[in-house]
Amino acid sequence: MDLHEKSVSLVQQMTTKEKAALCSGKDYWNLKGLERLGLPNIIVTDGPHGIRRQISNSEDIGISVNYPAVCFPTASAQACSFDRDLLFEIGSAIGEECRHENVSVILGPGINIKRSPLCGRNFEYYSEDPSLSGHLAAAFIRGTQSQGVGSSLKHFAANNQETRRLTVDAVIDERTLREIYLSAFEIAVKQAQPWTVMCSYNSVNGEFSSQNQHLLTSILRDEWGFEGLVISDWGSVFDRVKALTAGLDLEMPHVGDTSDNRILDAVQAHSIPEDLLNQAAERIVYLILKSMERQPYQYSIDTHHKIARKAAGRSAVLLKNDNGILPAKPGASTAVIGAFAKVPRYQGTGSSRINPTHLDNACDELKALGIDYEYAAGYLEESDLPEARLIEEACQIAKDKEIVYLFAGLPDRFEAESFDRESLHLPLSHNALIDAVCEVNENVVVVLHCGGVVELPWADKVKAILLMHLGGQAVGGAVADLLTGRVNPSGKLPETWPYKLEDNPSHSYFPGYPLCVEYREGLFVGYRYYDKAVKAVRYPFGYGLSYTSFEYSDLVISSKSITDGETLKVSCKIINTGKREGREVVQLYVAKKESVIIRAEQELKGFEVVQLAPGEQKEVNFLLSSRDFAYYNTSISDWHVENGKYEIRVAASSQDFRLQGTVEYSGSVEAHLPDLRDTAPGYYDLTSGLKITDEEFAGILGRPIPPRERIPGSPHTLKSTVSDIQDRWVGRLINKIVEQQAKTLSEKDPYLKLMIEKTVPDMPLHFFTMMGANSLSISQVEGIVDILNGKYSLGIRKLIKK
Ligand code: BGC
């Protein structure tokens with residue numbers, strides 16, 4: 001009997017009640033097993049750049065009390081490597097740690113698209129480009145699952161902001177949804193079959209992801225062939241029976257027995273078929289059986305720390321290097337400035353926050369490599385305001401040195417899960433320090449630690465900029481390797497760095513309104529917009545420098561024409577023309593000049609990394625299929641290619657084309673081309689910015705734009721938020737109680753403080769089932785809703801009933 005048959009047979013031996021009970025967690029991190037049938041509880045735990053295995057399984061949402069684990073660079077850093085092998089290696093190392101900790105599923109990778117650089121959780125995501133995100137995620141998942149440990153691909157779908165993430169409705173036209181926001185999931189699912197997919201909190205086009213049949217069943221399973229288990233994000237289920245019907249198998253975490261009982265009642269009342277429950281139960285049992293095959297493992301912290309150091313080195317992006325100031329000349333007199341050199345910012349805050357096994361810092365690591373320097377902190381970690389005394393001290397130390405390494409970036413409080421950033425500014429104290437040190441020394445190298453894009457007002461004054469993102473626990477060693485030239489930088493940017501926030505295409509539409517966020521910019525996310533709008537950017541997508549140089553030559557395209565179902569081979573040669581070994585990220589973009597449909601100037605369709613010794617040459621190969629030329633055609637609900645000539649660009653960045661050729665696409669299936677030049681002209685010419693009218697947006701949506709705000713006085717529901725219910729006296733009272741509880745929780749865990757403060761007003765009532773020790777059952781919360789709506793006796797009865 002294979003595992004599948006075994007899970008069917010085990011479920012056949014269960015009572016309806018036992019099956020229903022399997023469909024929600026045992027506690028925060030365990031799934032329920034069933035002892036009488038030999039099924040153990042299994043553990044799932046957060047990631048994704050290391051494991052955050054909480055010491056307690058109780059319903060306690062503190063994020064800091066975790067078993068130590070190796071903290072690898074966060075996703076935003078890893079993505080700069082463009083390196084599938086590296087992602088596999090990191091995934092596999094994390095899989096080994098899961099085996100050590102008896103963890104069956106790691107809750108990652110997160111692959112939501114970076115629609116806005118303000119998204120507080122961008123450090124947990126890979127890219128603004130779906131193809132890059134999808135392929136990297138697939139490699140990471142393969143790595144984890146090679147260890148017999150499952151992944152949970154998250155957050156499906158359109159969780160592109162933290163503001164109101166628990167309730168907001170993402171309003172996206174179908175073509176954009178498919179091409180930009182779902183493609184990465186599609187690639188990862190088809191290529192790597194993650195054991196689980198986690199739905200997002202938000203709703204998509206009017207329906208919560210947790211109960212969205214279109215997403216969870218029609219697309220994920222029927223179209224893409226997903227075979228695993230769909231898990232809820234923690235506390236994202238409003239209506240358990242509806243969610244089960246839509247395709248959500250497992251609700252996490254445990255929030256009382258109400259959900260299980262409702263499934264049971266629905267089956268017993270024949271309002272849902274028992275087979276639906278059987279299917280979910282079989283998938284859960286299958287996951288448990290697969291987990292039982294996993295062998296324990298004793299990993300070496302040392303080996304994993306070395307992988308983390310290598311990964312941080314490969315994830316670094318050299319943004320600027322005037323006169324080849326880096327790598328520094330041996331023996332140059334050196335100043336190290338900036339508190340981040342002693343205590344780096346190396347990971348983000350939220351559910352992914354890891355308790356690292358140790359933490360390198362650049363000061364110690366430079367010393368270990370024999371670099372002598374003088375140090376000054378330059379700013380206080382805990383304050384954003386410049387301190388004249390510290391700046392003066394830094395200038396004194398820096399002024400007569402041959403080179404200055406100045407460490408700057410974003411402190412924890414600037415970016416985290418559960419809130420978005422307000423600007424792309426660095427702390428004033430960091431900017432002021434850089435300005436002042438540049439006044440006294442012209443050889444300033446800035447090392448940046450931040451999870452996402454920042455504005456660089458001083459970029460023209462400094463000689464070099466080395467972007468480390470959030471490089472994990474070994475980032476200090478990696479910085480030392482890069483500055484001294486032991487490692488040659490090879491990362492490239494997986495997202496565009498605009499000059500300023502206002503340049504970003506989603507700027508006018510982010511983070512939206514109380515009820516919804518309109519994705520009016522449509523397909524024009526990241527470089528798809530900047531290219532089309534011919535908007536100058538600070539650093540383009542795919543950009544990054546090296547200490548060596550590469551030449552591209554000998555482009556070969558296997559055919560002059562291609563049609564549906566055929567593939568096209570593209571190859572070229574890359575030679576290292578410099579004096580150091582180096583790695584080059586070679587990118588392939590496809591562009592169509594003449595077109596009647598809305599389209600980006602070009603799209604990334606391939607990327608490969610080559611490692612070359614000085615003078616060495618290698619061939620790089622790409623394989624393109626029809627899908628690489630296709631757009632999503634909503635009239636046939638399928639991918640379709642517009643016939644005509646396409647440009648193939650082999651490039652060192654999205655703006656640095658090295659080789660170009662063309663191919664003719666012909667004989668594509670008949671389909672009505674979405675020529676919207678008359679009805680949505682705003683999407684065709686972006687050179688004066690993105691100004692999309694209501695009519696144009698409603699036109700591409702194919703329906704009226706939904707309401708943005710609640711009608712004042714309208715009845716409350718489980719979705720009403722703490723700020724919504726302020727219009728009722730009971731609501732104001734509840735607010736006081738919630739604030740008090742939030743305060744107690746914040747005092748327990750400093751990292752939670754800011755997250756909680758920012759989240760409470762946007763918390764929907766149904767989240768009261770997740771308030772740790774003070775949780776209410778869902779029927780008690782329904783009682784509160786009744787009370788808010790003036791049905792006092794009904795509400796009170798529900799509230800006091802256990
Ligand atoms: C986050 C998920 C995380 C889960 C469990 C949620 O709030 O959105 O990414 O895996 O919590 O901690």
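A polar contact is a pair of N or O atoms within 3.5 Å, and this cut-off is the one to keep in mind for the ligand contacts described below. The model is predicted, and this briefing takes up two topics, the surroundings of the ligand and an open sheet of five strands.

**Ligand surroundings**

- Around the ligand there are 14 residues, of which Asp 46, Arg 121, His 155, Tyr 201 and Asp 233 come nearest.
- Sorted by class, the shell that surrounds the ligand is made up of seven charged, five nonpolar and two polar residues.

**Polar contacts of the ligand**

- The side chain of Glu 417 has an N or O atom 3.3 Å from an oxygen atom of the ligand, a separation that falls within the 3.5 Å limit for a polar contact.
- For the side chain of Lys 154, the corresponding separation between an N or O atom and a ligand oxygen is 2.9 Å, while for the side chain of Asp 233, one of the residues that come nearest to the ligand, it is 2.7 Å.
- The ligand taken alone would expose 310 Å², and 94% of that area is buried by the protein.

**The five-stranded sheet**

- The sheet is open, its pairing is mixed, and its strands follow the order β20-β28-β27-β22-β23.
- Its edges are formed by β20, at residues 561-562, and β23, at residues 603-612, each of which pairs on one side only.
- Strand β20 runs parallel to β28, which covers residues 656-665, and two bridges join them.
- Within this pair of strands, Ile 562 stands opposite Tyr 665 of β28.
- In general, the strands of a sheet pair through backbone hydrogen bonds, in either a parallel or an antiparallel manner.

Conventions
Residues are numbered from 1 along each chain as its sequence is written. This is a predicted model: local features need pLDDT of at least 70, side-chain atom pairs count only at pLDDT 80 or more; totals for chains, interfaces and linings use all residues. Side-chain values use heavy atoms; hydrogens and water are left out. A residue is near a molecule or strand if one of its heavy atoms lies within 4 Å of it. A polar contact is a pair of N or O atoms within 3.5 Å; within protein, one must be able to donate a hydrogen and the other to accept it, and residues adjacent in sequence count only if both atoms are side-chain atoms. Accessible areas come from the Shrake-Rupley method with a 1.4 Å probe; for residues, only the protein chains shown count as cover. Ala, Val, Leu, Ile, Met, Phe, Trp, Tyr, Cys and Pro count as nonpolar, Asp, Glu, Lys and Arg as charged, and the others, Gly among them, as polar. Two strands pair if DSSP finds at least two bridges between them. Helices (H or I, at least four residues) and strands (E, at least two) are DSSP runs, numbered from the N terminus.
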